[in-house]
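User: Please go through this model with me, one point at a time.

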Amino acid sequence: MVTGESGAPDLLITGIGELTTNVSTPDDVCGTIHDAAVLVRAGIVAWTGPTAEAPDAASAVPVVDVDGAAVTPGFVDSHTHLVFGGDRSAEFVARMAGRPYAAGGIRSTVAATRSATDAELRARLRALVAELRPQGTTTFEIKTGYGLTVADEERLARLAREVTEEVTFLGAHVVPEEFQDDPDAYVDLVAGPMLDAVASHCRWIDVFCERGAFTPAQADRVLAAGAARGLGIRVHGNQLGPGEGVRLAVARGAASVDHGTYLDDVDIAALAGSDTVLTLLPGVEFSTRQPYPDARALWDAGVTIALASDCNPGSSFTSSMPLMIALAVREMGLTPDEAVWAATAGGAAALRREDVGVLRPGARADLVVLRAPTRAYLAYRPGVPLIEGVLIGGRGVAGSALSAVRRS
């Protein structure tokens, strides 16, 4: 992975009241340093530690004093669906009036996406990226899955690749209307010509292993085909009810299995004994009124947890990782420290990344400056715009207090 950016300015950030490094210890999952500083060189973290111990070489670089603010790694949103057409606000209103959520609503977005032009899809995609970056998201994944034809899935992957290297092929999202009478023929298409068309744009392959979507046998065929093409594995599983998604993900060595709303003891034991990350998506439960997973029990069982937004037009139309942190604390039982770790280092683990989600020498200089003395404010003050500054690869994000930190 590329960890820095040519031309990024050198910088010393001082006056950090509470620095979250995610260099974890048994007593501090967030690896906290107080009265801290971070030295950035060429877009890479060169040093972190107490301000009083900054290396002599730091005296030769520009200094930004954040006046006691808390600093965390940039948020890593490992599950989004940002390329789509249409609007499903009416579906949300109906759910709030009592209609249950079902996976079939995806097909309405498929129809709208197929009819949208590249320019329309690109404009919405870039607007969403411009929305999430000032909220502290510095790394994000994007899935296809709203085209479900060879040509449409290829263009969604191509457009997604314009804004992120973390692109996931999700042709196996649902069975489209034209294949309702022969879903296995659609699986043949996904695992063959569709995969061939998108593979060069993608790093990952995903499948929705769920009632109303794909059976475990169908899902395994898709994942095997993707793995044979060199793609990493991800799985949507156990969202709408108990099922085999988690066990399939673990058996296939998936980087992550996402949702995990309905888990039994066998699922939890399988996750705890594996390298597969469970990505929890509290925005979905918020938007669908499904039960929140018990993240407290999962964490205590030894499951590695990530938090992600699942930003999509149907079941979680939010790009706010701070909201995910607040929901995970209030509704799912994580502590603020655990939730911040899951939204940063946990997301990085779900993407098999070691260069993001942490602030340690050699990592990419992606960080968030909070308008707060401690990271706990992300849950303590939900809905308040606390993100004051954002660096991505050592460069300030437009609209943030660090926007002046650009090319030297």
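Analyst: A residue is called buried under 20% relative accessible area, exposed over 50% and partly exposed in between, with a 1.4 Å probe and protein chains only. This is a predicted model: local features need pLDDT of at least 70 and side-chain atom pairs count only at pLDDT 80 or more, while totals for chains, interfaces and linings use all residues. Residues are numbered from 1 along each chain as its sequence is written, and side-chain values use heavy atoms, with hydrogens and water left out.

User: How is D118 classed, buried or exposed or partly exposed, and what is its relative accessible area?

Analyst: D118 lies in helix α3 (residues 118-132); helices are DSSP runs of H or I with at least four residues, strands are runs of E with at least two, and both are numbered from the N terminus. D118 is partly exposed, and its relative accessible area is 26%.

User: Which residue forms a salt bridge with D118?

Analyst: A salt bridge here is a side-chain nitrogen of Lys or Arg within 4 Å of a carboxyl oxygen of Asp or Glu. The partner sits in helix α4 (residues 150-161), so the pair ties together parts that are 37 residues apart in sequence. The partner is buried, at 9% relative accessible area. With the closest N and O atoms 2.8 Å apart, the residue is R155.

User: Which residues are linked with D118 and R155 in a network of salt bridges?

Analyst: By this rule the count of salt bridges comes to 26. The network that holds D118 and R155 also links D152, E154 and R158.

User: What separates R95 and E91 along helix α1?

Analyst: The side chains of R95 and E91 meet in a salt bridge, 3.0 Å from N to O. R95 is buried at 3% relative accessible area, and E91 is buried at 12%. The two are 4 residues apart in α1 (residues 89-96), so the separation is about one helical turn.

User: What is the order of the strands in the open sheet of 7 strands?

Analyst: Two strands pair if DSSP finds at least two bridges between them. The edge strands, each pairing on one side only, are β8 (142-143) and β14 (305-307). The sheet has parallel pairing, in the order β8-β9-β10-β11-β12-β13-β14.

User: How many residues of strand β11 are buried?

Analyst: Strand β11 covers residues 232-237. On one side G232, R234 and H236 are buried, and on the other I233, V235 and G237 are buried. The count is 6 of 6.

User: Through which helix does the chain cross from β10 to β11?

Analyst: β10 (residues 204-209) and β11 pair in the parallel sense over 4 bridges. I205 has I233 as its bridge partner, and F208 stands opposite H236. The β-α-β crossover is right-handed (clockwise from the first strand over the helix to the second, with the strands pointing away from the viewer), and the helix is α6 (residues 216-228).

User: Through which helix does the chain cross from β11 to β12?

Analyst: β11 and β12 (residues 256-259) also pair in the parallel sense, over 4 bridges. V235 stands opposite V257 in β12. This β-α-β crossover is right-handed, and the helix is α7 (residues 245-251).

User: Which side chain meets K143 in a salt bridge?

Analyst: K143 and its partner are both buried. The N to O distance is 2.6 Å, and the partner is E141.
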